[in-house]
Amino acid sequence: MAGLTAAALAVVGFLAYQASANAPDSVAAPKPKVSGSAPATSHDKPKEKKKKLPPALPADSGTGKRVVYALEDRQVWLVDEAGKAVRTFAVMPSALSPKPGTYQVGTPRQGPPTKGSDGVLIEHVVRFTMVEGVSVGFSAAVDGSMESPDPSLKTGGVRMSRADGDAVWEFATVRTKVVVVP
């Protein structure tokens with residue numbers, strides 16, 4: 001009988017070991033902590049993620065109050081009369097991009113949201129030029145999306161978040177300069 005009991009204990013012990021080795025961390029036994037007297041090392045500290053800074057305002061982007069749109073950086077800056085960037089944010093370019101140059105805001109659309117040239121419901125449309133017969137301007141999708149435009153469609157909406165769309169709508173009134181840089 002003693003031999004049977006010893007064999008049963010050995011089997012239970014083996015199964016317990018197997019279960020603990022395969023248990024998820026959430027139910028496994030806690031791991032021992034490093035003693036408070038041990039010196040801290042750089043390995044003990046969580047690594048800080050470096051926050052990516054937006055690109056600097058392009059030097060050749062004009063003077064005075066303006067909206068600067070950098071095509072390659074997919075970035076927009078709202079620049080006050082003193083030449084200080086008061087806001088900058090990323091955008092999703094339209095399928096049709098304007099050539100680098102200086103433009104002027106035309107009449108923004110007023111009223112309720114409308115469908116953009118890609119069929120997406122948009123608000124705060126701030127137009128500043130035409131490319132291949134399509135109006136090009138800044139807008140925000142009502143659902144907050146910033147999808148890459150379908151290259152087969154002729155779309156002119158430079159998309160941004162709704163908060164950034166609000167800021168452009170308030171800042172870029174009729175006749176405000178829009179400077180497009182490469």
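In this predicted model, the side chain of Gln-75 reaches the backbone oxygen of Phe-89 at 3.3 Å. Gln-75 belongs to strand E2, which covers residues 75-79. With a relative accessible area of 7%, Gln-75 is buried, because that value falls under the 20% limit for burial. Apart from residues up to four places away in sequence, Gln-75 touches Pro-54, Pro-55, Val-68, Tyr-69, Ala-70, Thr-88, Phe-89, Ala-90 and Val-91.

Strand E2 also holds Trp-77. Its relative accessible area is 2%, and Trp-77 is therefore buried. The side chain of Trp-77 makes a polar contact with the side chain of Thr-88, at 3.2 Å. Not counting residues up to four places away in sequence, the residues that Trp-77 touches include Pro-55, Val-68, Ala-70 and Thr-88. Further along the chain, Val-179 is 102 residues from Trp-77 in sequence, yet the two C-alpha atoms are 9.8 Å apart in space.

**The chain as a whole**

The protein chain contains two helices and nine strands. Along the sequence these elements follow the pattern α-β-β-β-β-β-β-β-β-α-β. Of the 182 residues in the chain, 31% are buried. Among contacts between residues at least 6 apart in sequence, 53% join residues that are at least 24 apart.

The confidence of the prediction can be stated in the same way. The chain averages a pLDDT of 80, and 70% of its residues score at least 70. Over residues 6-17 the pLDDT is below 50, and this stretch has zero contacts in the model beyond near neighbours in sequence. Residues 26-33 also have a pLDDT below 50, with one contact beyond near neighbours in sequence.

**Helix H2 and its surroundings**

Helix H2 spans residues 162-171, and its buried residues are Asp-164, Gly-165, Ala-167, Val-168 and Phe-171. Seen down the axis of H2, these buried residues fall within an arc of 160 degrees, so they line one face of the helix. Which strands are included in what covers them? Strand E1 (66-70), E2, strand E3 (85-90), strand E6 (121-131), strand E7 (134-141) and strand E8 (157-160) are included.

Phe-171 of this helix is also approached by Lys-65. Lys-65 lies over the face of Phe-171, at 4.7 Å from the ring centre. In addition, a polar atom of the Lys-65 side chain lies 3.0 Å from the backbone oxygen of Phe-171. Lys-65 is placed in the loop between helix H1 (2-22) and E1. Its neighbours, leaving aside those within four places in sequence, are Val-79, Asp-80, Glu-81, Phe-171, Thr-173, Thr-176 and Lys-177. The C-alpha atoms of Lys-65 and Ala-85, which are 20 residues apart along the chain, are separated by 9.4 Å.

**Residues in loops**

The table gives the location and accessibility of four loop residues.

| Residue | Loop | Relative accessibility | Class |
|---|---|---|---|
| Lys-65 | between H1 and E1 | 28% | partly exposed |
| Arg-74 | between E1 and E2 | 39% | partly exposed |
| Ser-94 | between E3 and E4 | 6% | buried |
| Glu-132 | between E6 and E7 | 55% | exposed |

Is Ser-94 buried or exposed? At 6% relative accessibility, Ser-94 counts as buried, although it lies in the loop between E3 and strand E4 (101-104). A polar atom of its side chain lies 2.5 Å from the backbone oxygen of Leu-96. Beyond its neighbours within four places in sequence, Ser-94 is in contact with Tyr-69, Val-136, Pro-149, Thr-155, Gly-156, Gly-157 and Val-158.

Two other loop residues in the table have a positive phi angle and are not glycine. Phi of Arg-74 is near 55 degrees, and phi of Glu-132 is near 50 degrees. Arg-74 counts as partly exposed at 39% relative accessibility, whereas Glu-132 counts as exposed at 55%.

**Aromatic groups**

A search of the whole structure finds three aromatic pairs. Tyr-69, Tyr-103, Phe-128 and Phe-138 form one aromatic cluster. Tyr-69 has already appeared among the residues touched by Gln-75 and among those in contact with Ser-94.

Methods:
Residues numbered from 1 in each chain as written. Heavy atoms only, no water. Helix = DSSP H or I, 4+ residues; strand = E, 2+ residues; numbered from the N terminus. Buried < 20%, exposed > 50% of the residue type's maximum accessible area, 1.4 Å probe, protein only. Polar contact = N/O pair within 3.5 Å; in protein donor to acceptor, adjacent residues only side chain to side chain. Contact = heavy atoms within 4.5 Å. Arc of directions from axis to C-beta. pLDDT = per-residue confidence, 0-100. Phe/Tyr/Trp six-rings, centres within 6.5 Å; stacked < 30°, edge-to-face > 60°. Lys NZ or Arg CZ within 6 Å of the ring centre and 35° of its normal.
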